[in-house]
Amino acid sequence: MPKMKTKKSAAKRFTVTGSGKFKRRRQNLRHILTKKNAGRKRRLGQDTLVDKTNRKAVERMMPYAG
């Protein structure tokens, strides 16, 4: 049986935490920053966890991650 391949685009976007959850960056911090207030930009700069509804999809893209 051949090995499964990791989707490299997913490997660059997600990392696995110690408890097996997936960590990701938030969106909306690349451009059009003048209308976003400082608190919002600070919050967008923090990492967050992948939602449970998307976790199975990420696990499929990264079969050896966790």
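**Exercise 1. Classify K35 and place it on the surface.**

Step 1. K35 counts as exposed because its relative accessibility is 67%, where exposed means over 50%, buried under 20%, and partly exposed in between (1.4 Å probe, protein chains only).

Step 2. This is a predicted model: local features need pLDDT of at least 70, side-chain atom pairs count only at pLDDT 80 or more, and totals for chains, interfaces and linings use all residues. Residues are numbered from 1 along each chain as its sequence is written, and side-chain values use heavy atoms, with hydrogens and water left out.

Step 3. Locate K35: the loop between strand 2 and helix 2 (38–44). Helices (H or I, at least four residues) and strands (E, at least two) are DSSP runs, numbered from the N terminus.

Step 4. Find its partners. R26, K35, R40 and R43 form a positive surface patch. Patch residues have over 30% relative accessible area and no salt bridge, and like charges are joined within 9 Å. The accessible areas come from the Shrake-Rupley method with a 1.4 Å probe.

**Exercise 2. Work out the sheet: its strand order, its edges and one residue pair.**

Step 1. Recall the principle. Strands of a sheet pair through backbone hydrogen bonds, either parallel or antiparallel. Here, two strands pair if DSSP finds at least two bridges between them.

Step 2. Read the order. The sheet is open, has three strands in the order 1-2-3, and pairs in the antiparallel sense. Strand 1 (15–16) and strand 3 (48–49) are the edge strands, each pairing on one side only.

Step 3. Take one pairing. Strand 1 joins strand 2 (residues 22–24) through two bridges, in the antiparallel sense. Within the sheet, V16 stands opposite F22 in strand 2.

**Exercise 3. Find the salt bridge and say which parts of the chain are linked.**

Step 1. Set the criterion. A salt bridge is a side-chain nitrogen of Lys or Arg within 4 Å of a carboxyl oxygen of Asp or Glu. Side chains of opposite charge can pair when their charged atoms come close.

Step 2. Search. The whole structure holds one salt bridge. D47 forms a salt bridge with K23, and the closest N and O atoms are 4.0 Å apart.

Step 3. Place both ends. D47 sits in the loop between helix 2 and strand 3, K23 sits in strand 2, and the pair links distant parts of the chain, 24 residues apart.

Step 4. Check exposure. D47 is partly exposed at 39% relative accessibility. K23 is also partly exposed, with a relative accessible area of 33%.

**Exercise 4. Identify two positive phi values outside glycine and describe their setting.**

Step 1. Start with N28. Its phi is near 75°, a positive value in a residue other than glycine. N28 lies in the loop between strand 2 and helix 2. N28 counts as partly exposed because its relative accessible area is 42%.

Step 2. Turn to I32. Phi of I32 is near 55°, a positive value in a residue other than glycine. I32 is found in the loop between strand 2 and helix 2. At 49% relative accessibility, I32 is partly exposed.

**Exercise 5. Compare sequence separation with C-alpha distance for two pairs.**

Step 1. Take G20 and L33. They are 13 residues apart along the chain, and their C-alpha atoms are separated by 33 Å. G20 belongs to the loop between strand 1 and strand 2. G20 is partly exposed at 35%.

Step 2. Take M61 and L44. Here 17 residues along the chain go with a C-alpha separation of 24 Å. M61 is in helix 3 (residues 52–61). M61 is partly exposed, with a relative accessible area of 28%.

Definitions and conventions
Patches are made of residues with over 30% relative accessible area and no salt bridge: like charges are joined within 9 Å, nonpolar side chains (Val, Leu, Ile, Met, Phe, Trp, Tyr) within 5 Å. Lys and Arg count as positive and Asp and Glu as negative; His and the chain ends are not counted. The place of a charge is taken as NZ of Lys, CZ of Arg, CG of Asp or CD of Glu.
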